[in-house]
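The following exercises concern contacts with nucleic acid and the packing of aromatic rings. Each task is followed by a solution in steps.

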Amino acid sequence: MPPQDLFAGASAPFGAGAAPAADPPSPLLQHLNPEQLAAVTLPAGHALILAGAGSGKTRVLTTRIAWLLQTGQASPGGILAVTFTNKAAKEMVARLSAMLPINVRGMWIGTFHGLCNRLLRAHHKLVGLPSTFQILDTQDQLSAVKRLCKQHGVDEERFPPKQLTWFIAGCKEEGMRPQDVPVRDPETQKKVEVYQLYEQQCQREGVVDFAELMLRSYELLRDNDAVRAHYQRRFSHILVDEFQDTNRLQYAWLKQLAGDVEEGGRLAPRGSVIAVGDDDQSIYAFRGARVGNMQDFMREFGVQRTIKLEENYRSFSNILDCANALISHNQGRLGKNLRTQQGPGEPVRVQESPTDLAEAQWMVEEIKHLVREDVPRREIAVLYRSNAQSRVIESQLFNAGVPYRVYGGLRFFERAEIKHALAYLRLLENPHDDTSFLRVVNFPPRGIGARTLEQLQDAARGAGCSLHDAVSTMTGRAGANLSAFVALIDVLREGTQGQNLRGIIGQMLQASGLVEHYRNDKEGADRLENLDELVNAAESFVTQEGFGRDAVALPLDEQGAPLTQSPASQGLDPNLPLAAPGEMIDQDTGETLSPLAAFLTHAALEAGDNQAQAGQDAVQLMTVHASKGLEFDCVFIGGLEEGLFPHENAMSDAAGLEEERRLMYVAITRARKRLYISHSQTRLLHGQTRYNVRSRFFDELPEEALKWLTPRNAGFGLFAPDPIAAHRGNARAGRGFDMKSASFANPPVPPRKAAPGHGLRVGLTVFHTKFGEGKVLAIEGAGDDARAQIHFPRHGTKWLALGVAKLTVVE
DNA sequence: TAGTACTCGATTTTT
DNA sequence: TCGAGTACTA
């Protein structure tokens with residue numbers, strides 16, 4: 001794409017070391033605030049940038065890179081910028097190429113996993129992988145573990161495959177191979193055995209899972225001095241986005257790349273690592289993120305400079321006041337206070353509803369109101385803690401005819417038909433990929449049953465070979481069917497030699513019988529469409545990613561050794577253009593990946609968008625987690641109830657509670673202009689009505705920034721209802737989206753059914769003969785089955801059967 | 001081998 | 001409640 005000339009005059013030849021210093025001020029640096037400017041122009045050396053929400057973090061990151069290049073402090077090849085998501089990486093590349101007339105392809109900008117993939121492709125021999133190794137996604141990994149359990153008679157009751165995959169991923173993220181795992185009990189012993197078997201299986205099949213990408217490339221750097229030295233020398237500037245989300249392994253990986261290099265017999269500090277992050281937005285502890293990496297980074301890298309970006313360009317101050325006040329309740333923060341030059345704006349609106357249904361109705365009414373005031377629907381977001389909450393809201397939006405889009409769910413490359421197609425393609429590349437083999441050997445059905453496959457797997461295990469190779473040992477009808485399948489794959493492989501990607505996929509779709517199968521399926525129309533879309537995706541992968549363009553086969557060492565001490569003489573000069581993302585080059589042979597292999601890698605590393613209708617102007621529904629990094633004019637946060645937000649599973653310890661608070665902090669800071677926070681007295685969850693107390697987070701917000709739309713703590717009889725909200729018996733109901741009317745006019749504390757006869761209410765203080773005084777947190781069930789969750793200061797929180805427990809109401 | 005009945009689980013998720 | 005995944009039957 002032609003670079004946009006946003007910074008006319010800024011363009012000198014880059015990388016040649018001739019660009020003047022930033023004095024006269026470069027246009028790049030205009031419009032930066034002092035903090036941002038300081039961050040962008042940091043002198044070489046390690047630094048931490050604490051970037052608050054909406055403080056222009058991405059801008060700082062990209063401008064920093066542009067500035068480094070423009071002033072000749074770095075060449076494109078010397079830059080390594082790493083992110084967590086493909087989206088973030090893409091945005092960085094897009095902004096950079098808009099800033100500078102430069103080929104950004106020479107830079108290593110990508111996700112941790114994407115960059116690891118590059119490293120492993122380049123040095124696959126050193127790490128013992130075939131050049132065509134493929135990547136298992138989470139689904140593949142699970143089915144691989146299941147298969148392994150079946151084969152080795154692992155008791156799936158005691159060791160659920162899902163847990164085993166967590167265990168394996170957890171070990172890898174801690175940098176542990178099976179032999180490194182401390183075994184204290186037989187349980188762990190067994191898990192480690194499975195881990196070991198799983199590793200062997202992956203190795204045999206030539207596949208790696210996500211965690212393996214990280215671990216294997218970490219080991220590559222750790223164990224190969226020449227390789228490590230090369231990359232350390234090459235990447236003079238390392239920039240890490242969302243540093244608070246890094247796990248142990250990612251941090252160790254960074255250390256390998258940034259580590260000090262011996263020069264003239266002494267350790268010399270090298271290059272610079274800029275870590276950008278926000279400890280207050282760390283919400284991924286559950287998947288291994290370690291905020292502590294920020295402190296470790298400062299200590300271990302001897303960070304001299306920490307810059308805080310606290311000026312927020314997103315929200316009005318009422319919203320920021322809420323965010324600041326809330327997060328101040330967390331301990332051990334690095335400390336940061338968002339400020340804005342915008343005025344207070346509107347107060348943050350707070351709503352209490354009797355039921356989740358009423359909450360959803362209220363939201364929809366407000367949304368319709370906003371839309372009438374010309375707020376684009378895509379600028380309205382409804383955030384919630386857990387996915388289950390979206391249902392009521394969806395049904396109400398549907399009834400009201402308001403277009404909406406739900407984030408999450410199946411992504412394009414995760415769809416069953418796409419996975420099937422990819423499995424065929426993978427078998428073309430690597431017939432020993434047993435996971436793919438099993439996926440499609442009998443899909444579409446070709447008379448190969450479970451029994452047959454069991455026999456085949458036994459045979460393969462006995463011979464220590466892949467399923468593909470074991471087919472020849474099978475006899476009879478089953479053997480014939482299997483042979484036919486193998487022949488199909490082999491013929492397809494032959495027949496697609498020399499074809500382009502589009503041709504290969506098209507031929508595969510026909511020959512495999514997938515098209516035929518879905519054409520005969522009355523539900524198959526969508527799936528056929530998706531398969532068509534797969535061809536398009538491949539096409540645009542080839543053109544947009546520029547696959548096959550400027551692929552540079554690098555000169556080699558005479559021995560074919562991967563790297564030497566002298567990068568420049570080996571064609572590894574950082575100024576040379578390097579392979580584009582799809583063109584990972586084998587450092588031994590100079591070979592690039594085949595288009596098909598590259599596309600398969602792309603599919604595994606980037607699962608694609610979820611769902612279609614992305615273009616429509618629709619209200620955005622998503623979990624708080626999914627909202628990170630986004631912003632909207634108007635934001636609704638629903639379900640602020642104890643047990644839901646903060647979630648009950650996270651309430652038991654301080655760390656969990658603090659993460660919930662950070663989650664709320666993230667949610668609040670998504671809003672630019674208007675923020676609504678709401679909770680409901682009751683909520684239908686898993687078919688049961690739960691009675692919840694208002695979230696403690698309400699008490700942590702500054703009263704003066706809030707506007708209570710419903711009287712605080714009021715009984716609902718007092719509440720003058722919005723007549724529209726109360727009486728919308730929607731004519732378009734039906735299709736299961738009925739309004740089970742929960743009118744505001746009635747005192748609906750127990751909204752459905754009669755009041756339970758125990759006389760308890762959430763919030764009441766009760767007395768128990770054994771536990772003493774306690775506060776009612778929640779009530780569930782009715783009649784004899786009614787239970788109450790009660791917090792006793794001295795005995796903790798307990799669930800008591802109201803039919804049994806002797807309780808008296810104190811207040 | 002496909003279709004149906006039953007069990008189980010149920011925050012958050014990118015790569 | 002509801003959905004996915006598994007086990008059982010025709």
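**Exercise 1.** Determine which atoms of DNA strand B are approached by the side chains of H647, T138 and H113.

*Solution.* Step 1: an N or O atom in the side chain of H647 is 3.4 Å from a sugar or linking oxygen of DNA strand B. Step 2: for T138, the partner of the side-chain N or O atom is a base oxygen of DNA strand B, at 2.8 Å. Step 3: a base oxygen of DNA strand B also lies 3.5 Å from a polar side-chain atom of H113.

The model is predicted: local features need pLDDT of at least 70 and side-chain atom pairs pLDDT 80 or more, while totals for chains, interfaces and linings use all residues. Residues are numbered from 1 along each chain as its sequence is written, chains are lettered from A and ligands numbered from 1 in the order in which they are written, and side-chain values use heavy atoms, without hydrogens and water.

**Exercise 2.** Describe the protein surface around DNA strand B.

*Solution.* Step 1: a residue is near a strand if one of its heavy atoms lies within 4 Å of it. Step 2: there are 27 residues around DNA strand B, of which N86, T138, R385, N387 and T623 come nearest. Step 3: sugar and phosphate make up 52% of the atoms of DNA strand B within 4 Å of the protein.

**Exercise 3.** Identify the residues around DNA strand C and the contacts of R391 and G687.

*Solution.* Step 1: the residues around this strand are K146, R391, H686 and G687. Step 2: sugar and phosphate supply 56% of the atoms of DNA strand C that come within 4 Å of the protein. Step 3: a polar side-chain atom of R391 lies 2.8 Å from a phosphate oxygen of DNA strand C, whereas G687 places a backbone N or O atom 3.4 Å from a sugar or linking oxygen.

**Exercise 4.** Characterise the aromatic pair of F437 and F485.

*Solution.* Step 1: rings of Phe, Tyr and Trp (its six-membered ring) pair if their centres lie within 6.5 Å; planes under 30 degrees apart count as stacked, over 60 as edge-to-face and the rest as tilted. Step 2: the structure holds 21 aromatic pairs. Step 3: F437 and F485 are edge-to-face, with 5.3 Å centre to centre and 90° between the planes. Step 4: F437 counts as buried (under 20% relative accessible area; exposed is over 50%, partly exposed in between; 1.4 Å probe, protein chains only), because its relative accessibility is 1%.

Definitions and conventions:
Polar contact = N/O pair within 3.5 Å; in protein donor to acceptor, adjacent residues only side chain to side chain. Nonpolar A, V, L, I, M, F, W, Y, C, P; charged D, E, K, R; others polar.
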